[in-house]
Amino acid sequence: MDADESELCHGHVLEEFKEIKEVRGLIDNLKDIYKDLIAREASCERFTVIVDQYQEQPHLIDPYLESLMDQIITLVRQSSEEPLLMQEAFKYLYLITKMRGSKIVVRHFPHEVADVEPVLALLAKQDPTDHTMWETRYMLLLWLSMACMIPFDMSRLDSNIASATGERKKPAMDRILEFAQTYLTVYDKSQQAAAYLSSKFCTRPDVKQRKLPEFLDWALQILHSSDVETMIGCSKVTGILTMLALLFKHGKREDLLQYASMVKKVVEKLNISEINNTVLRKAGMKVTQRLGLTFLKDRVASWRYQRGSRSLSDNIRDGFVEKNKMTMKNNNATMEEDEEYDVPDDVEDVIEQLLCGLKDKDTIVRWSAAKGLGRITGRLPKELADDVVGSVLELFTLQETDGAWHGGCLTLAELGRRGLLLPQRLPDVVPVVLKALGYDQIRGNFSVGAHVRDAACYVCWAFARAYEPEDVTPYVTDIANALVKVSIFDREVNVRRAAAAAFQENVGRQGTFPHGIDILTTADYFAVGNRSSCYLDLSVFVANFPEYTQAMIDHLADVKVKHWDSDMRELTAKGLHNLTPKAPEYVASTVLPKLIKLATNIDLSWRHGAILAVAEITYALAKVAHEQNKKVTDLIKECYCEEMKNIVKELHKSKSFRGLGGEMMRKAVSVFIEKLSLSKMPYHGDPIIELWQEIIDDCLHHIEPEIQVAAAAAIPAFFREYYMDSFGKPKDNMQENIVDRYLKELQGTMETTSMGFSLAIGALPKFMICGKLEQILKDLIIASSVTPNHEKWAEGRKEALKALTRVCMAVGVQSSGSKSVIVCNDNVQQIYDAYFTAMRDYTLDSRGDAGAWVREASMMGLQELTSLIAKEAPGLITKDICKNLFCSIVQQSCEKIDRTRSCAGKIFSDLLYHKPEIPYIPQKEELIKVFPLSEIEEINWAAPSDTFRRFTKLLKLDTYMYSVLIGLTVSVGGLTESLVIHSSTSLEYYLRDISKDSEKMAQFADVLLKIFKDYQKDDRVSQPMLKTLDQLLSKGCFHVFWSDDSVQFPLEAIELVKKEISKSGDPNKLMSAADVFCGLLQFSGPTRKKCLQQLSIMLCHRYPRIRKATANKLYEALVTYDDVIPEEKFDDVFTVLSETNWDDDVATVRPIRNDLCDLMEVPKPVMLKPVCFGSFQSHWTIFTYCDLSLFMDFHDISLINENYNLEGPKDAKIIASYLIDANKSFEKKQSTDLSH
């Protein structure tokens, strides 16, 4: 991305049209590249990108617009015989027109007499049905609309000279009208240009006398005959209506008035408002308003309200006030003239249609109707104009649709902007606008009204510009409060910003809004973009000004607490919590009682919002009381405390926790219990406590994690307030009852139950844990471990580990304490072992690596526990614990999941530079060199490019080599492209550095093979290991071993790969193994022979896909390593590999494979016939496609037994001896026929 694009992406304002030279170059190059399709498309794409950058600042091209158009028009004139070049030129011109606008561009077209005929000639060559040339037709019609305005009679352009064929040209006037008629009925962009051409051409003095009636007859006939039920009919009608609207806009009233009534009747018959086509209805609305303006005289209403002058110098001149007074006197003198003005009856029909248009379902139609009403009202007498205002105000009723409210707001704004809404009407208008600012109608699980509120903000913005401050003063408080409430508390960001803009406009132009400047400096257009910040921060700031405090609290308590969106209700409750300290007496005496009554309302939204609000307000009042050294009951009356206590009882009695909304109510009541417990409400020993405990336990059993979290969050405050005595000990037998029950539920048969009670145990306060710590740790460790019955319970183990961490944090650390009370020397190793075990959890399910959640929880637990121990009792950290800790985290820092890698990297850096220092960090000095403190903050631990190149350096450290290499192996053999690239590149760089050191290479190879052995048959590591080996072998990373026959690495690798793929039916693993065998061909001696033997077996694998892939890989390997087979046999081997159809059945392929073995000088694999051991429990073992030489390695009875699942050691012993005998026979006869 270049600098300009970067600026644009960040929303920076452009200052000039910087690419003018490049644009001119692209236009000049057209004549050289227009025949090259690729070059032509690339040039057009670049031109489009440049022009689109200036879509929001098109005026920047104005200084160069005329020269660019001249350049393109010159190219068009030169390319009249090259249609393709002309099309490209007009395409560029259209892109400029799209950006700058046709009204501006059309002024710069050449418009001399000599231009008319060439443009007509070019248009005559166009095919209206050719959809590839629409840009050419569009621009030619726009050009013609300018060229046809020459100040001469069009007849002067006509010639009476006959052509060679004896035909005479049609008059230019007729030809232009024919083009207009043709393209008015074509369904593409040229229709708009044809409408503009028609309106400009038909208003010429000579054309309107001769051709206008005939042209209008044609247009009205099209309207009459077109079927608007079809797409073609709609297109024709839209074109004609657009033309009529422009015609009555550009033409003179005296010329068109005689046709207006006739056009109106035809348009009315179309019944456009019932047609389901938005563009058509908009065009109809435009025609209607233009007809209404035609019926009325072109005059400015003398009665309109005027604020100031358009001239700044007039506004600041001392005598302007007197001048304005004189103007008002003149207006009064012309009142009689206004009263005598006769308004045609047709105007009433027009106004009625426009009022209906305000209710249209589409915004663009309503907006067109609103502008039309504004224009027409400006020509009406005062009394009739007031009737229009009254009709608009009638739209603001609950019986009308949201569209009518929106259209009404747009109209009020338009009337106010034009000075047609007199101050006398403000007492009627302002209450309506304030209603519209809060308009929100529920429709199922959503609401409509955002567009109405946005339009109401526009009305307030327009009023700020329209009226003098003294006219608006009586309504300032209401408008200011309404705009503040919308700008801070509205759900939609665009409405909040619209209200902020309107508030700013009023502050700047009216200057009467209370504390306007102070509020604007904080709650500006950009600050209101974040909804949470608005509710929790900005609202508190604005509430500091007493004029707004009560209005904001009332708005939240009366409106937002009942909002249809649950997120909004939750924010409302938190907002009320923050606002309560600004007016605690008012909230406690007025707001709280009102909300308590709503808490048991039948409506779910009201009930939910009220419960949350009551909880938050009560807690806020408790904090206020604490600051004043009072009790919460000093602020809240006893009767209200009693009513709050009964809320949960009433909800439980009405079964509100079941069915629809039950989940929402459970969360709300959990919050309610938590907040009232924090508020220290005087319910000690009351039966309601038992009900609260029952509800919390019930929520912990729920399947929704959010409900479990809410219930667990209530436990600490609830237990401390109602279960702890004055000595800080549990009351009665509460500890035994609750803790034992929770631990029993922890070992339940459902994962969700285990998760819920893990959360609960983790939330237990310290006084409930002391004395039970040993049992709690034991059960949590069991719950965090993988067991056969609960192998897939990854989320349950995650929550158990989190609970383990919270319990440790709650009880604290002490070296010599009791293991039933505190984390100490007797149980710290047990806790760390649980975390280290969890670090090896790689559970897979349908969601992917679910074990990553467990590992991340374990890492976070290790960090918190180690940090606590380092501060309180560093002696508890042993060398082994620290080594395992850092090795585990380093391994996770190199694995493939970005989120896990990021978590591990941050924890690694925190522990490495922990204060106080963590003891016994292995090779800490080397770690600090690789991860210096100055770079730690800049590392993006989730980015493979940042992490792998650093952690790969730890391969030089013996302590971390194994851990780093496991992580790298999984990442190098992964699937994500960026992950594979960065991990493999980092590993390759390391091996390149040590490639000449045979000792380090041998150490690396030993560790790599050790990992392979440790994770044999574990697809999570073994499959990526095969890919990693393939990559390292293909890049020659082990070339140091080529000449050293004593190195056992290649032979050990072969054996490990053979064991990995034995009895495997995974095609991907088999093909990866084939890659490794091919890569090992670079080693000579026994390694090469064994690899060829394995590849030969795979050439006759039962899967055709494997046979074919093996042949291709072997071919590539033999080309790469040219010393594998004798040079004289190259051609024969390559021919067999490339020309054999390896998809054929095995019986067909096997003889070919055997011939190939002879060519490569390796023993042919021989198929063993079925061997039956009927005397041993009728057990059958079948061997197929076996190389007898392979079984020479199977003398170990246990190995045979493991590979063939035999019934006992006797079976295995007999098979072993039988195979040895068979192998000896094979050496003598080169064939075998085994049967029992």
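Residues 1170-1210 come up first. This is a predicted model, and pLDDT stays under 50 over that stretch. Even so, the model gives residues 1170-1210 80 contacts beyond four places in sequence. Please keep the low score in mind when you look at those contacts.

Now the chain as a whole. The protein averages a pLDDT of 87. At least 70 is the score for 90% of the residues. The start of the chain is another low stretch: over residues 1-11 the pLDDT is below 50. Beyond near neighbours in sequence, residues 1-11 have twelve contacts in the model.

On to the core. The largest nonpolar core has 400 residues. Which members touch the most others? W692 and F1038 do. Take W692, and set aside its neighbours within four places in sequence. Its contacts are then V648, F672, I673, L676, S677, Y683, F718 and Y722. As general background, nonpolar side chains in soluble globular proteins tend to be buried together.

Last topic, cysteines. How many disulfides are there? The count comes to zero, with sulfur pairs required to lie within 2.5 Å. Look at C457. The nearest cysteine sulfur belongs to C460, 6.3 Å away, and C457 is in no disulfide. Is C457 buried or exposed? Buried, at a relative accessible area of 2%.

Then C639. Here the nearest cysteine sulfur is that of C641, at 8.1 Å, and again C639 is in no disulfide. C639 is partly exposed, because its relative accessible area of 42% falls between the 20% and 50% cut-offs.

So, to recap the cysteines: zero disulfides by this rule, with C457 buried and C639 partly exposed.

Notes: Residues are numbered from 1 along each chain as its sequence is written. Side-chain values use heavy atoms; hydrogens and water are left out. A nonpolar core is a set of buried Ala, Val, Leu, Ile, Met, Phe, Trp, Tyr and Cys residues joined through side-chain atoms within 4.5 Å. Buried means under 20% relative accessible area, exposed over 50%, partly exposed in between (1.4 Å probe, protein chains only). Contact means heavy atoms within 4.5 Å. pLDDT is the predictor's confidence in each residue, from 0 to 100.
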